[in-house]
Amino acid sequence: MAGDPRQSRGFRNRNPGNIDYVPANNWQGQLGREQGGNPPRFAVFETHEYGVRALIALLTTYQTRYGLRNIEQIIS
């Protein structure tokens, strides 16, 4: 049986894309860096909706600015 997804870092941080915290990005709804991660590196969002919004914006940037069209390109 799979674990409870509510226990994942992405869920706790309301950051489904596990977007790294970078102060200069200043995502809408971003509260800061997670507390207690090992190491603490991911952004924390006010709501899940803000986390999804940031993920969509990031993926759109990968596509429009860098021409990345699939998961393999984005990951590499």
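How much area does the chain expose, and what share of it do carbon and sulfur atoms supply? The chain exposes about 5600 Å², and carbon and sulfur atoms supply 51% of that. Keep in mind as you click along that this is a predicted model.

**Stop 1: the whole chain**

Start with everything selected and a cartoon view. You should find three helices and two strands, arranged along the sequence as α-β-β-α-α. Along the principal axes, the C-alpha atoms fill a box of roughly 35 × 35 × 25 Å. Of the 76 residues, 22% count as buried. If you like contact maps, take the contacts with a separation of 6 or more: residues 24 or more positions apart account for 40% of them.

Now colour by charge. There are 9 positive and 6 negative side chains, and the centres of these two sets lie 4 Å apart.

**Stop 2: the nonpolar core**

Select I19, W27, A43, F45, A54 and L58 and show their side chains. These six residues make up the largest nonpolar core. Strand β2 (43-45) and helix α2 (48-66) each supply at least two residues of this core.

Stay with F45 and bring up its surroundings. Setting aside neighbours within four places in sequence, F45 is in contact with N13, R14, N15, W27, Q28, G29, Q30, L31, Y50, G51 and A54. Two of the names on that list, W27 and A54, are core residues you have already selected.

**Stop 3: Q30, on strand β1**

Next, pick one of the contacts of F45, namely Q30. Q30 sits in strand β1. Is Q30 buried or exposed? With a relative accessibility of 16%, Q30 counts as buried, because the cut-off for buried is under 20%. Residues up to four places away aside, Q30 touches Y21, V22, A43, V44 and F45.

**Stop 4: the salt bridges**

Side chains of opposite charge can pair when their charged atoms come close. How many salt bridges are there here? The count comes to two.

For one of them, select E34 and R9: their closest N and O atoms are 2.4 Å apart. E34 lies in the loop between β1 (30-33) and β2, while R9 belongs to helix α1 (residues 9-12), so the pair ties together parts that are 25 residues apart in sequence. The two partners are worth viewing with a surface switched on. E34 is buried, at 5% relative accessible area, whereas R9, at 25%, is partly exposed.

The other pair to select is D20 and R41, whose side chains meet in a salt bridge at 2.7 Å, N to O. D20 is in the loop between α1 and β1 and R41 in the loop between β1 and β2, so this bridge also links distant parts of the chain, 21 residues apart. D20 is partly exposed at 33% relative accessibility, and R41 is partly exposed at 39%.

**Stop 5: P39, beside the E34 and R9 pair**

Add P39 to your view. This proline lies in the loop between β1 and β2. Leaving out neighbours within four places in sequence, P39 is in contact with R9 and E34, the two partners of the 2.4 Å salt bridge. At 52% relative accessibility, P39 counts as exposed. For a sense of scale, draw a distance from P39 to L59: they are 20 residues apart in sequence and 24 Å apart in space, C-alpha to C-alpha.

**Stop 6: the loop between α1 and β1**

Most residues other than glycine have a negative phi, and most peptide bonds are trans. With a backbone-torsion display on, select R14 and N18. R14 is not a glycine, yet it has a positive phi of about 55 degrees. N18, not a glycine either, has a positive phi of about 45 degrees. R14 is placed in the loop between α1 and β1, and N18 lies in that loop too. R14 is partly exposed at 23% relative accessibility, and N18 is partly exposed at 32%. R14 is also one of the contacts of F45 from the core stop.

Finish the tour at N25, found in the loop between α1 and β1 and partly exposed, with a relative accessible area of 40%. Draw one last distance, from N25 to R69: they are 44 residues apart in sequence and 22 Å apart in space, C-alpha to C-alpha.

Note on methods
Residues are numbered from 1 along each chain as its sequence is written. This is a predicted model: local features need pLDDT of at least 70, side-chain atom pairs count only at pLDDT 80 or more; totals for chains, interfaces and linings use all residues. Side-chain values use heavy atoms; hydrogens and water are left out. A nonpolar core is a set of buried Ala, Val, Leu, Ile, Met, Phe, Trp, Tyr and Cys residues joined through side-chain atoms within 4.5 Å. Buried means under 20% relative accessible area, exposed over 50%, partly exposed in between (1.4 Å probe, protein chains only). Helices (H or I, at least four residues) and strands (E, at least two) are DSSP runs, numbered from the N terminus. Contact means heavy atoms within 4.5 Å. A salt bridge is a side-chain nitrogen of Lys or Arg within 4 Å of a carboxyl oxygen of Asp or Glu. Accessible areas come from the Shrake-Rupley method with a 1.4 Å probe; for residues, only the protein chains shown count as cover. Lys and Arg count as positive and Asp and Glu as negative; His and the chain ends are not counted. The place of a charge is taken as NZ of Lys, CZ of Arg, CG of Asp or CD of Glu.
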